[in-house]
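Me: I am new to this structure and would like to understand the words used to describe it. Could you go through them slowly, setting each value against its cut-off?

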Amino acid sequence: TGLQPHTLYVVRIVPVNRRGRAASGYPVRVSTAVTYPSSPRNLKVTVTSSTSLFASWVKSETPNGPIDAYNVYFQIVDAVGGRAERSTVMSLQVTDVSVTSADITGLKKFTMYKVSVRAANKVITGSLEGPASNFVQIQTSQDVPSVPVSLSIAAVDDTSLRVTWLPPLAPNGIVQFYQVF
């Protein structure tokens, strides 16, 4: 006990009795099993557009075996309460483990996301995924709003019109004002 994971050890068995020690046996090389890697460190996420983010991190300090991949997880977060919505946790996998960054694309415009990354070690039965890195909450950028809905125009009298509408279904940010022309 007390050995390090995924470490090569040389073991020799030497029998001893009251008369002394036997000659040293042949060395046997044996490795301890792969286990869960430590979490990647120092996750940083930046906004690159209204639909994408860029994540970067520092490799796991204690890999406990050969890192097979980094799995980047992201989920929509309620912007007001800061809680993860009941939305699907999405992920992407970085299999070139010399790369410690990823572009996260295809996101919703002007939406808050929670991002984390985990290292995974490959084993015969699949993959051992370590604990999550720090979580980063970040919002994608604003973009041009969609058109207002339920537009209605009615004549009030011979010199004026009444124009009404509802806000766009996809404001893609904070609508500051409406131009009517």
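Me: What makes S5 and S6 a pair of strands?

Reply: Strands here are DSSP runs of E with at least two residues, numbered from the N terminus, and two of them pair if DSSP finds at least two bridges between them. Six bridges join S5 to S6, which therefore count as paired, and the two run antiparallel. Among the bridge partners, Val45 has Ala55 of S6 opposite it, and S5 and S6 form a hairpin with two residues between them.

Me: What kind of model is this, and how are residues and side chains treated?

Reply: It is a predicted model, in which local features need pLDDT of at least 70 and side-chain atom pairs count only at pLDDT 80 or more, whereas totals for chains, interfaces and linings use all residues. Residues are numbered from 1 along each chain as its sequence is written, and side-chain values use heavy atoms, with hydrogens and water left out.

Me: Which strands make up the open sheet, and what makes two of them edge strands?

Reply: The open sheet has three strands in the order S5-S6-S9, with antiparallel pairing. Strand S5 (41-49) and strand S9 (101-104) are the edge strands, since each pairs on one side only. The twist averages 15 degrees from one strand to the next, where axes are lines fitted to C-alpha atoms and angles run from 0 to 180 degrees between N-to-C directions. S6 is also joined to S9, by four bridges and in an antiparallel manner, and Phe54 has Asp103 as its bridge partner in S9.

Me: How do you know that S13 and S14 are paired as well?

Reply: Strand S13 (residues 149-157) and strand S14 (residues 160-166) are joined by six bridges, against a requirement of at least two, so they count as paired, and they run antiparallel. Val149, for instance, has Leu166 as its bridge partner in S14, and the two strands form a hairpin with two residues between them.

Me: Why is Ser52 called buried?

Reply: Buried means under 20% relative accessible area, exposed means over 50%, and partly exposed lies in between (1.4 Å probe, protein chains only). Ser52 has 11% relative accessibility, so it counts as buried. Its place is in strand S6 (residues 52-58).

Me: What makes the link between the side chains of Ser52 and Thr48 a polar contact?

Reply: A polar contact is a pair of N or O atoms within 3.5 Å; within protein, one must be able to donate a hydrogen and the other to accept it, and residues adjacent in sequence count only if both atoms are side-chain atoms. The side chains of Ser52 and Thr48 meet at 2.6 Å, so the distance satisfies the limit. A polar contact of 2.7 Å likewise joins the side chains of Ser52 and Ser49. Leaving aside neighbours within four places in sequence, Ser52 is in contact (heavy atoms within 4.5 Å) with Val47, Ile104, Thr105, Leu107 and Thr140.

Me: Why are Trp57 and Tyr70 called a tilted aromatic pair?

Reply: Rings of Phe, Tyr and Trp (its six-membered ring) pair if their centres lie within 6.5 Å; planes under 30 degrees apart count as stacked, over 60 as edge-to-face and the rest as tilted. The structure holds two aromatic pairs. In one of them, Trp57 and Tyr70 are 5.5 Å apart centre to centre with 55 degrees between the planes, so the pair is tilted. Trp57 lies in strand S6 and Tyr70 in strand S7 (residues 67-76), so the pair ties together parts that are 13 residues apart in sequence. Both residues are buried, Trp57 at a relative accessible area of 4% and Tyr70 at 1%.

Me: How do you know that Tyr26 is exposed?

Reply: Tyr26 has 77% relative accessibility, which is over 50%, so it counts as exposed. Its place is in the loop between strand S3 (20-21) and strand S4 (28-31). Apart from neighbours within four places in sequence, Tyr26 is in contact with Val11 and Arg12.
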